[in-house]
Amino acid sequence: MAKRAGVSRSAVSRTFTAGASVAPETRERVIAAAHELGYRVNMLARSLSQKRTNLVALVVSDMDHSFRAAVIDQLARKLVRLNYRPFMLPTDPRQDVSHLIDMMLHYNVSGAIVTSDTPPAEIAEECAAHGVPLVLVNKQPMDGAANVTLDSDKVGRLAATALKRAGCKRVALASQKRPSHSINQRKQAFMRHCPELGLDLVGDFQGAAQNYDGGVEAADAFLNAQTAADGVFCVNDYLALGFLDRLRHGSDIRVPGDLRVVGCDDIAEAAWLSYDLTTIRQDSGLLTDAAVDALVSRIDDPEATPLNTVIDVKLVERGSTGSIHVGDAG
């Protein structure tokens, strides 16, 4: 290729080395020669000598959840912009994660980000043992891993305050049976703040998972209990959609006429006219920026203390609590 471009071999090497100095004219000649010869840098081969692949594992699940999908999309795009190479490892809470760990370590990843509800203890231990930087997103903090999470206490306070302001006195939770650290934190915060505001918490009605079907199941449990609740906090928007649809198609309960409903995440569907859901906004952009920044800081300085970042949240008021306009309230 150096012969075809009429330059030195070192000039070719610098052209394909990120950050290396090379004259623009030389770079153009080398790139043109590469196209003519069909040359591509073998990044895996290069990683053997540099001992750095720039591969980043994204351990994910529940990709039907639009907030989770948005986070993964934004994580991947930001990593690519920073010249890292993300690859996705799908999983679920019931799955043995040993093969995922094996895959990550065999590919000599530069780091990993876990966004799924998969218990990450084993992943964290193996990453620490092999010096692989790890970031947990909305997961229980673990030694050696950076952590990025939303302000769960503020979520609970804003949800309870929104229902109180909407005139509610007896409120309930709609949640999931499947274990989830972030969901549990939201629930506990809501339960703490209800008595402070004079709200009577009358029950926690659960579906199997934090998705649409789980919301339908939670609504069935709510209807079967025949509770006199006048407000409900759904632990996330995806579940809230199923909850609202089940009330609409299986009962005479009107929202917001008979019942006020608050969700969490502010997914795109929450603003749809058919739902018009008051919710707590979790900013996916801030979340992904913090996660990538935490990972890159550990890759650049493996001895650095892992970052623990708490992402602020905001209330978005819509029609499900009787609001007649969309707005933010901190």
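Where is His99 found? His99 sits in helix H6, and we will come back to that helix shortly. A word on the ground rules: this is a predicted model, in which local features need pLDDT of at least 70, side-chain atom pairs count only at pLDDT 80 or more, and totals for chains, interfaces and linings use all residues. Residues are numbered from 1 along each chain as its sequence is written, and side-chain values use heavy atoms, with hydrogens and water left out.

**The overall picture**

The protein chain holds 12 helices and 13 strands; these are DSSP runs numbered from the N terminus, with helices (H or I) of at least four residues and strands (E) of at least two. Along the principal axes, its C-alpha atoms fill a box of roughly 80 × 40 × 30 Å. Of the 330 residues, 48% count as buried. Here buried means under 20% relative accessible area, exposed means over 50%, and partly exposed is in between (1.4 Å probe, protein chains only). Contacts, meaning heavy atoms within 4.5 Å, often reach far along the sequence: among those in the protein chain with a separation of 6 or more, residues 24 or more positions apart account for 70%.

**Helix H6 and its surroundings**

Helix H6 covers residues 98–106, and Leu100, Ile101 and Met104 are buried there. Seen down the helix axis, the buried residues of H6 fall within an arc of 100°, so they line one face of the helix; the arc is that of the directions from the helix axis to the C-beta atoms. These buried residues pack against strands E1 (55–60), E2 (85–90) and E3 (111–114), as well as helix H7 (121–129). His99, in the same helix, is partly exposed, with a relative accessible area of 39%. Its C-alpha atom is separated by 18 Å from that of Ser110, 11 residues apart along the chain. After H6 comes Asn108, whose phi is positive, near 55°.

**Cores and aromatic rings**

In soluble globular proteins, nonpolar side chains tend to be buried together. A nonpolar core here is a set of buried Ala, Val, Leu, Ile, Met, Phe, Trp, Tyr and Cys residues joined through side-chain atoms within 4.5 Å. The largest such core has 65 residues, and those with the most contacts inside it are Val135, Phe190, Phe222, Phe233 and Phe243. Helix H12 (residues 284–300) gives the most to this core, with eight residues. Apart from this core lies another, of 19 residues, among them Leu55, Val97, Met104 and Ala124.

A search of the whole structure finds three aromatic pairs. Rings of Phe, Tyr and Trp (its six-membered ring) pair if their centres lie within 6.5 Å; planes under 30 degrees apart count as stacked, over 60 as edge-to-face and the rest as tilted. Phe205 and Phe222 make an edge-to-face pair, 5.4 Å centre to centre with 90° between the planes. This pair links distant parts of the chain, 17 residues apart: Phe205 is in strand E7 (residues 200–207) and Phe222 in helix H10 (residues 212–225). Both Phe205 and Phe222 are buried, and together with Phe243 they form one aromatic cluster.

**Residues by accessibility**

Here are some residues to look up in the structure.

| Residue | Relative accessible area | Burial |
|---|---|---|
| Lys78 | 13% | buried |
| Glu36 | 53% | exposed |
| Asp265 | 3% | buried |
| Asp266 | 17% | buried |

Lys78 lies in helix H5 (residues 66–81). Not counting residues up to four places away in sequence, Lys78 touches Asp289, Val292 and Asp293. Glu36 has its place in helix H3 (residues 24–37); Glu36 and Ala290 are 41 Å apart in space, C-alpha to C-alpha.

**Backbone details**

Most residues other than glycine have a negative phi, and most peptide bonds are trans. Asp265, in strand E9, is not a glycine, yet has a positive phi of about 125°. Asp266 has a positive phi of about 60° and lies in the loop between E9 and strand E10 (278–282). The peptide bond from Val255 to Pro256 is cis, with omega near 15°. Pro256 belongs to the loop between helix H11 (237–250) and strand E9 (260–265).
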